[in-house]
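Dear colleague,

Please find the structure below, as agreed. My notes on it follow directly after.

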Amino acid sequence: MDHNNLNEENGESAHKRRGRPRTATAEERRKEILEIAQTAFLEHGYGGTTMDMIAAEAKVSKRTLYELFPGKSALFLAIFVAQRKRMLHLPRPDEDDIAAALEDIFRIDISEEEDDARAVFFQFVALEADRFPELIDILRRHGVEEARRLLAEWLDRQRERGLIVTDDTMSDARMLMDMIFGSMGMKYKSCGDWPSLDERRVHMRRCIQIFLNGVRQRD
């Protein structure tokens with residue numbers, strides 16, 4: 001056997017294997033489309049963005065795009081649900097340090113870059129919902145109501161574990177969200193209320209402590 005020829009053939013086969021592009025998985029493709037769509041929504045607004053535009057930018061056929069997302073509102077919903085996790089880290093496993101858990105649930109210690117991106121997206125949603133009624137239902141059902149339900153369920157478990165004392169966890173969830181999200185209502189650099197992200201973090205931690213002082217189980 002000619003080992004030189006064998007080595008050349010093996011080398012050629014390896015080269016071909018290395019050079020063959022990897023096919024993206026369906027989940028990777030879906031994620032890429034969502035990222036492209038989110039950029040388009042932020043740049044052109046909900047009304048100015050079309051499915052044709054997104055299909056062209058993502059380099060997929062309109063048929064493929066519509067198979068993944070039946071329409072523009074479905075595409076927006078998928079983006080919104082993914083972004084909701086930037087606001088509320090739930091569901092999550094239980095832990096004994098409730099204050100630390102709540103800080104993580106509300107993503108208090110995310111980076112400034114992530115905080116900016118979060119603020120920009122949710123300001124965009126609030127503005128567009130005023131112009132397009134179909135977005136109001138998404139914002140209500142899949143945003144506020146779902147987030148409140150997830151937080152109330154988490155509080156229920158802490159009550160069952162004997163860590164807090166309360167008779168209405170849904171009301172507690174509403175209270176906590178009002179306090180924490182109230183400080184995120186506007187991008188802190190532009191509204192003037194928060195000279196720095198660190199100062200806003202101090203405020204959010206204080207909100208958590210005030211809440212816990214009212215519901216934490218006493219010895």
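**Helix α9 and three backbone features**

At the N-terminal end of α9, Asp 168 acts as a cap, with a side-chain oxygen 3.3 Å from the backbone nitrogen of Met 170 (a polar contact is a pair of N or O atoms within 3.5 Å, one able to donate a hydrogen and the other to accept it; residues adjacent in sequence count only if both atoms are side-chain atoms). The model is predicted: local features need pLDDT of at least 70 and side-chain atom pairs pLDDT 80 or more, whereas totals for chains, interfaces and linings use all residues. Residues are numbered from 1 along each chain as its sequence is written, and side-chain values use heavy atoms, without hydrogens and water.

Helices are DSSP runs of H or I with at least four residues, numbered from the N terminus. The 14 residues of α9 (169-182) should span 20 Å at 1.5 Å a residue (taken times one less than the number of residues), and the end C-alpha atoms are 19 Å apart, which agrees.

Buried residues (under 20% relative accessible area; exposed is over 50%, with a 1.4 Å probe and protein chains only) of α9 include Leu 176 and Phe 181. The buried residues fall within an arc of 135 degrees, so they line one face of α9 (directions from the helix axis to the C-beta atoms). They pack against α6, α8 and α11 (heavy atoms within 4.5 Å). On the other side, Asp 178 and Gly 182 are exposed.

Leu 90 and Pro 91 are joined by a cis peptide bond. Lys 59 has a positive phi of about 60 degrees and is exposed, at 72%.

Yours sincerely

Terms used: Helices (H or I, at least four residues) and strands (E, at least two) are DSSP runs, numbered from the N terminus.
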